[in-house]
Amino acid sequence: MPHDHSAHPHALLPPDPALRVKALETILTRKGLIDPAALDEIIDTYQTKVGPQNGARVVARAWSDPAFKAALLADADPVLSELGYYGRQGEHMVVVENTPEQHNMVVCTLCSCYPWPLLGIPPGWYKSDAYRARAVRAPRAVLSEFGVTLPEGTRVRVWDSTAEVRYLVLPMRPEGSEGLDEDALAALVTRDSMVGTGLPKTPGAP
């Protein structure tokens, strides 16, 4: 007897991904498994309140406040918690500083552990098998594909993010940023620079 695919529930779902998500949400709501209001609040949080702008504020303050920077590097968790950056996917944070001698880069080789409260939802490339494997084996080659070329004397250290420890890169302050306030400094910080696959913007650059 031929296998009838129409007997499976997934065959009844629409082909468009957005419609499939809406259909699944409707089914789960009717079964009492999710609360639409709570789901909307979660979505709003990650769309408008959580994202790279939070990490950028932390970096900008570290660039302009030596005492804050020292505390952040010594024990990031209490410092970040005081700023309100904690919770799911933000536990046990470690901040690593880029210097002329060492460039830091973050990967999660097992899955996609990522500091959501500081950087938002991880980009697709961070979760890809290619990045997770090659970042460890050939970090300089991966950096070059992101447009980052380091001096020969700068070593690259790759940090493996896990469910126990997540990392944030503190990039080097760009030249020409002297005298800028924290808001202007934060505008120079990119998400990729806080993962280590990019560099901050240069003041005045588009």
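The legends below describe close-up views of a predicted model of one protein chain.

**Figure 1. The protein chain as a whole, with its helices and strands.** The secondary structure of this predicted model comes to 11 helices and 4 strands. The chain has 206 residues, of which 36% count as buried. When contacts between residues at least 6 apart in sequence are considered, 66% of them join residues that are at least 24 apart.

**Figure 2. Helix H8 and the elements that cover its buried residues.** Helix H8 spans residues 129-137, and its buried residues are Tyr 131, Arg 132 and Ala 135. Viewed down the axis of H8, these buried residues fall within an arc of 100°, and they therefore line one face of the helix. An α-helix has 3.6 residues a turn, so residues three or four places apart point the same way. The face of H8 that is turned away from the buried side carries the exposed residues Asp 129 and Arg 137. The cover over the buried residues of H8 includes two strands, E2 (102-107) and E3 (155-160), together with the helices H7 (124-127), H9 (139-145) and H11 (191-195).

**Figure 3. Arg 132 of helix H8 and its surroundings.** Arg 132 lies in helix H8 and counts as buried because its relative accessibility is 17%, where buried means under 20%. Its side chain has polar partners in the backbone: a polar atom of the Arg 132 side chain lies 3.1 Å from the backbone oxygen of Leu 110, and the side chain of Arg 132 also reaches the backbone oxygen of Cys 111 at 3.4 Å. When residues up to four places away in sequence are not counted, Arg 132 touches Val 107, Cys 108, Thr 109, Leu 110 and Cys 111, as well as Tyr 126 and Lys 127.

**Figure 4. Cys 111 in the loop between E2 and helix H6.** The loop that holds Cys 111 runs between strand E2 and helix H6, the latter formed by residues 116-119. Cys 111 has a relative accessibility of 37% and so counts as partly exposed. The C-alpha atoms of Cys 111 and Asp 129 are separated by 8.9 Å, although these residues stand 18 residues apart along the chain. Asp 129 is itself one of the exposed residues on the face of H8 turned away from its buried side, whereas the backbone oxygen of Cys 111 is reached by the side chain of Arg 132.

**Figure 5. Glu 97 in strand E1 and its contact with Lys 69.** Glu 97 is placed in strand E1, which covers residues 93-97, and is partly exposed, with a relative accessible area of 28%. The side chain of Glu 97 makes a polar contact with the side chain of Lys 69 at 2.6 Å. With neighbours within four places in sequence left aside, Glu 97 is in contact with Lys 69, Leu 73, Gln 102, Asn 104 and Leu 170. Glu 97 and Leu 168 are 71 residues apart along the chain, and their C-alpha atoms are separated by 8.7 Å.

**Figure 6. Phe 68 in helix H4 and the residues it touches.** Phe 68 is found in helix H4, which is made of residues 66-74, and its relative accessibility of 7% means that Phe 68 counts as buried. Residues up to four places away in sequence are again not counted, and on that basis Phe 68 touches Val 58, Arg 61, Ala 62, Val 79 and Leu 83. For Phe 68 and Val 79, which are 11 residues apart in sequence, the C-alpha to C-alpha distance is 8.2 Å.

**Figure 7. Asn 54 in helix H3, with its side chain directed to Pro 117.** Asn 54 lies in helix H3, residues 52-64, and counts as buried at 5% relative accessibility. The side chain of Asn 54 reaches the backbone oxygen of Pro 117 at 2.9 Å.

**Figure 8. The largest pocket and its lining.** About 270 Å³ of space lies in the largest pocket. The pocket is lined by 18 residues, and those closest to its centre are Thr 99, His 103, Leu 150, Met 172 and Leu 199. Sorted by class, the lining has 8 nonpolar, 8 polar and 2 charged residues.

Notes
Residues are numbered from 1 along each chain as its sequence is written. This is a predicted model: local features need pLDDT of at least 70, side-chain atom pairs count only at pLDDT 80 or more; totals for chains, interfaces and linings use all residues. Side-chain values use heavy atoms; hydrogens and water are left out. Buried means under 20% relative accessible area, exposed over 50%, partly exposed in between (1.4 Å probe, protein chains only). The arc is that of the directions from the helix axis to the C-beta atoms. Contact means heavy atoms within 4.5 Å. On a 1 Å grid over the protein atoms alone, a cavity is a set of points where a 1.4 Å probe fits but cannot get out, and a pocket is an open set with protein on both sides within 12 Å along at least five of seven lines; lining residues have an atom within 4 Å of a point. Grid points are joined across faces, edges and corners, and a volume is the space filled by probe spheres set on the points. Ala, Val, Leu, Ile, Met, Phe, Trp, Tyr, Cys and Pro count as nonpolar, Asp, Glu, Lys and Arg as charged, and the others, Gly among them, as polar. A polar contact is a pair of N or O atoms within 3.5 Å; within protein, one must be able to donate a hydrogen and the other to accept it, and residues adjacent in sequence count only if both atoms are side-chain atoms.
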